[in-house]
Amino acid sequence: MHQRILLRARKGPFDVLTPEETFAGNWIGDNTGNLVFSHAAHKLLATSTAEITATRSPADPRLADEINERYDVFVVPLANAFRRSFVHRLTPMTRLIERLKIPVVVLGVGVQTNVDGDREYLRQIDEPVSAFCRAVLDRSYSIGVRGEVTESYLRTLGFSAVEQIGCPSMFLHGDTFRLDKPRDELSTDDRVALTISPYVASMAAVVRHHRERYPNLCYVPQDLRTLGTLLYGDAPEHRGKSGEMPLHTSHPLFVEDKVRMFVDPWTWMAHLADYDFAFGTRIHGTITALISGTPGYLFAHDSRTLELARYFDIPHRIMRDVPADVDAADLYAEADYTALNSGHKARFATITAFLAKHDLGTSFADGDSAARFDQRVRETVFPPAVRPVGAAPREELLTRIERLRDDNRALADTVAGLRGQGLRERIKQAVPGPVRRMLGR
């Protein structure tokens with residue numbers, strides 16, 4: 001039976017956009033980790049009878065009638081959607097779902113509070129989260145959550161139809177997963193990848209220590225702001241500034257050309273596959289390393305990262321317990337992937353049973369569907385890593401300059417056509433994102 005699936009995703013797994021286009025349109029949804037789990041969900045559902053369409057835009061309740069007519073099911077992969085700063089997006093999604101007549105399936109939603117699961121911090125989002133869950137459960141058998149923290153939270157709100165299924169990202173290769181450390185110990189000459197959440201200030205000392213000790217260290221950022229800094233240099237409000245965290249072009253990791261960012265999971269995974277170890281505060285940075293075959297280690301700094309690490313048995317420490325002089329070699333020696341490996345098949349069976357309950361099949365149980373997805377990935381040419389603007393190859397710099405010229409021409413044509421009242425505001429809205437960034441508007 002042909003199944004038309006609408007998948008909540010900023011972009012599809014085979015959509016090719018330049019880094020400049022990605023930045024201007026925020027096609028990573030602020031964090032490239034979003035693409036890892038949404039693309040993994042796409043592959044998981046890509047059976048021979050499924051037609052999958054990415055939403056590509058924020059939830060709009062006005063599209064409900066069109067969605068009801070064109071699709072058979074709305075699948076919603078989510079990350080830490082139950083958080084204060086996401087309410088302005090969760091509410092319109094709820095309004096959309098309330099108008100849908102088709103099934104709605106939520107994959108891997110999580111709550112965000114501190115590592116102790118502070119319930120009081122969440123009080124102000126209780127009602128919008130409850131409204132979302134009611135809307136979904138009116139159209140679904142259950143809600144798939146990331147781990148025990150989120151399940152416990154939803155149960156305190158009165159919802160019992162809750163299942164722990166982890167995150168689709170860890171199932172990119174189906175039930176096949178085995179990670180072994182390639183060597184007994186990590187040396188200072190080995191290639192080490194570092195992930196950083198810019199708002200976790202305690203990572204500054206960790207960055208400094210490893211930059212000084214590991215000459216082959218590479219910082220792999222995931223956030224939109226750093227993508228802009230790599231492409232165009234510091235934003236006007238950040239020019240001339242410096243700090244211990246790699247947020248500005250003056251930071252040694254930028255100066256030494258030790259920063260690489262990716263706008264697609266596939267190039268990101270290929271990069272990490274050549275590394276000996278990866279660690280840091282980004283949960284999907286760690287997961288991307290693991291599914292690339294590279295040993296990874298997480299510093300869990302909130303409930304969303306901690307519950308996924310616990311669910312999948314990912315080696316981790318709580319960030320507040322990480323000493324300033326922590327060393328990657330010690331983390332590597334400490335990391336034990338026995339439970340991660342041995343529990344994978346059972347965890348995969350859990351998520352496939354969840355999908356089956358909601359009348360969704362998987363590509364891994366559908367002949368060569370998963371292999372065909374992988375082949376299409378191999379045949380698609382994605383943009384290479386984005387490097388610091390001052391360290392990029394000459395050809396890449398010329399390409400960036402030419403794109404800026406095109407943006408300027410488009411801006412000139414737009415401005416020439418603007419007339420009447422509100423001219424200043426209309427110009428501001430019309431300026432392409434990269435140009436506006438460089439002009440400081």
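**A walk through the fold**

Among contacts in the chain between residues at least 6 apart in sequence, 76% join residues at least 24 apart. The model is predicted. The chain has 441 residues, and buried residues make up 57% of them. Its secondary structure comes to 19 helices and 11 strands. The accessible surface is about 18800 Å². Carbon and sulfur atoms account for 49% of that surface.

Start with the sheet near the beginning of the numbering. Four strands form an open sheet in the order E2-E1-E3-E4, and the pairing is parallel. Strand E2 (50–54) and E4 are the edge strands, each pairing on one side only. From one strand to the next, the twist averages 25°. Helix H2 (residues 33–45) packs on this sheet and touches E1, E2, E3 and E4. The direction of H2 makes about 175° with that of E1.

Now take strand E3 and its neighbours. Strand E1 (residues 3–7) pairs with E3 in the parallel sense, over 3 bridges. Leu 6 has Phe 74 as its bridge partner in E3. For Leu 7, the bridge partner in E3 is Val 75. Strand E4 (residues 104–107) also runs parallel to E3, and 4 bridges join the two. Here Pro 77 stands opposite Leu 107 of E4. The connection from E3 to E4 involves helix H4 (residues 87–98): E3, H4 and E4 make a right-handed β-α-β unit.

How many residues of strand E3 (residues 73–77) are buried? The count is 5 of the 5, so E3 is largely enclosed by the rest of the structure. In a regular strand the side chains alternate between the two faces of the sheet. Both faces of E3 are covered. Val 73, Val 75 and Pro 77 are buried on one side. Phe 74 and Val 76 are buried on the other.

Two loop residues come next. His 248 lies in the loop between helix H8 (224–232) and helix H9 (252–255). Is His 248 buried or exposed? His 248 has a relative accessible area of 8%, and buried means under 20%, so this loop residue counts as buried. Which residues does His 248 touch, leaving aside those up to four places away in sequence? They are Arg 225, Asp 234, His 238, Lys 241, Ser 242, Gly 243 and Phe 254. Of these contacts, Arg 225 falls within the range of H8, and Phe 254 within that of H9.

Pro 215 also sits in a loop, between helix H7 (203–213) and strand E8 (217–219). Pro 215 has a relative accessible area of 41%. That value lies between the cut-offs of 20% and 50%, so Pro 215 is partly exposed. Not counting residues up to four places away in sequence, Pro 215 touches Thr 188, Asp 189 and Lys 258. Lys 258 is 43 residues from Pro 215 along the chain. The C-alpha atoms of Pro 215 and Lys 258 are separated by 9.4 Å.

Conventions. Residues numbered from 1 in each chain as written. Predicted model: local features only at pLDDT ≥ 70, side-chain atom pairs only at ≥ 80, totals over all residues. Heavy atoms only, no water. Buried < 20%, exposed > 50% of the residue type's maximum accessible area, 1.4 Å probe, protein only. Contact = heavy atoms within 4.5 Å. Pairing = 2+ DSSP bridges. Right-handed = clockwise from strand over helix to strand, strands pointing away. Areas by Shrake-Rupley, 256 points an atom, 1.4 Å probe, with all protein chains shown as cover. Axes fitted to C-alpha atoms, helices over the stretch in contact; angles between N-to-C directions.
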